[in-house]
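Let's take a walk through a protein structure together, one spot at a time. Keep the picture open and find each residue as we get to it.

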Amino acid sequence: QVQLVESGGGLVQAGGSLRLSCAASGSIFSINAMLWYRQAPGKQRELVATITNGGSTYYADSVKGRFTISRDNAKNTVYLQMNSLKPEDTAVYYCAAGRTIGQSSYAIDYWGKGTLVTVSS
């Protein structure tokens, strides 16, 4: 089974930056996409960014231009660089691993436990 462990969350002031990491271990042969989701208190989970094995990326409109997803295949690690943070970015951020379905959909097979990001004003 695949295990995903997030790190890098914390408290940051508005306008600041934070870099999240997601380290993967286990059998990942069936996985072709890594994703970052977030969930704020009282709100539904939303997709933030994705990256495929081929390097294609996707960003939610709310974070495009501010967040960057990347990977280090040698370390089996995916990153989310978050710049120009806003209070509305406050949420628990979850790493996920899954498979692409068609061109724009994903099937999630594994979830991390999440890391909390708090952006203060």
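Start with a small polar meeting: a polar atom in the side chain of Thr 115 sits 3.2 Å from the backbone nitrogen of Gly 9. Before we go on, keep in mind that what you're looking at is a predicted model. Where along the chain does Thr 115 sit? You'll find Thr 115 in strand β11, which covers residues 115-120. And is Thr 115 buried or exposed? Thr 115 has a relative accessible area of 12%, and buried means under 20%, so Thr 115 counts as buried. If we skip residues up to four places away in sequence, Thr 115 touches Glu 6, Ser 7, Gly 8, Gly 9, Leu 20, Ala 91, Val 92 and Tyr 93.

Now slide along to Val 119, which also has its place in strand β11. Val 119 is buried as well, with a relative accessible area of 6%. Again leaving out residues up to four places away in sequence, Val 119 touches Val 12, Gln 13 and Ala 14, along with Leu 85, Lys 86, Pro 87, Asp 89 and Thr 90. What about Val 92, one of the residues that Thr 115 touches? Val 92 and Val 119 are 27 residues apart along the chain, and their C-alpha atoms are separated by 11 Å.

Next up is the disulfide. A disulfide is a covalent bond between the sulfur atoms of two cysteines. How many disulfides are there here? The count comes to one disulfide, and the partners are Cys 22 and Cys 95, with 2.0 Å from S to S. Because Cys 22 lies in strand β3 and Cys 95 in strand β9 (residues 91-101), the pair ties together parts that are 73 residues apart in sequence. The link has a handedness too: the angle about the S-S bond is -80°, and the link of Cys 22 and Cys 95 is left-handed. If you try to spot the two cysteines from outside, remember that Cys 22 is buried at 0% relative accessible area, and Cys 95 is buried at 0% as well.

From there, hop to Arg 66, in the loop between β6 (57-59) and β7 (67-72). Buried or exposed, would you say? Arg 66 counts as buried, at 11% relative accessibility. What does its side chain reach? The side chain of Arg 66 reaches the backbone oxygen of Ser 62, at 2.9 Å. Leaving aside residues up to four places away in sequence, Arg 66 also touches Gln 81, Met 82, Asn 83, Ser 84, Leu 85, Lys 86 and Asp 89.

Ser 84, one of those contacts, deserves a stop of its own. Most residues other than glycine have a negative phi. Ser 84, though, has a positive phi of about 50° and is not a glycine. Look for Ser 84 in the loop between β8 and β9, where it counts as partly exposed at 40% relative accessibility. Asn 76 has a positive phi too, near 50°. Asn 76 has its place in the loop between β7 and β8 and is partly exposed, with a relative accessible area of 38%.

Asn 76 also leads us to the largest pocket, since it turns up in the lining: among the 19 lining residues, Ile 28, Met 34, Asn 53, Asn 73 and Asn 76 lie nearest the centre of the pocket. The volume of this pocket is about 300 Å³. Which strands help to build the lining? At least two residues each come from β3 (18-25), β4 (33-39), β5 (46-52), β7 and β8 (77-82). By class, the lining holds 11 nonpolar, six polar and two charged residues.

Our last stop is Gly 26, in the loop between β3 and β4. Buried or exposed this time? Gly 26 counts as exposed, at 52% relative accessibility. Apart from neighbours within four places in sequence, Gly 26 is in contact with Gln 1 and Val 2. To get a feel for distances, pick out Tyr 79 as well: Gly 26 and Tyr 79 are 53 residues apart in sequence and 18 Å apart in space, C-alpha to C-alpha.

How values were computed:
Residues are numbered from 1 along each chain as its sequence is written. This is a predicted model: local features need pLDDT of at least 70, side-chain atom pairs count only at pLDDT 80 or more; totals for chains, interfaces and linings use all residues. Side-chain values use heavy atoms; hydrogens and water are left out. Helices (H or I, at least four residues) and strands (E, at least two) are DSSP runs, numbered from the N terminus. Buried means under 20% relative accessible area, exposed over 50%, partly exposed in between (1.4 Å probe, protein chains only). A polar contact is a pair of N or O atoms within 3.5 Å; within protein, one must be able to donate a hydrogen and the other to accept it, and residues adjacent in sequence count only if both atoms are side-chain atoms. Contact means heavy atoms within 4.5 Å. On a 1 Å grid over the protein atoms alone, a cavity is a set of points where a 1.4 Å probe fits but cannot get out, and a pocket is an open set with protein on both sides within 12 Å along at least five of seven lines; lining residues have an atom within 4 Å of a point. Grid points are joined across faces, edges and corners, and a volume is the space filled by probe spheres set on the points. Ala, Val, Leu, Ile, Met, Phe, Trp, Tyr, Cys and Pro count as nonpolar, Asp, Glu, Lys and Arg as charged, and the others, Gly among them, as polar. A disulfide is a pair of cysteine sulfur atoms within 2.5 Å.
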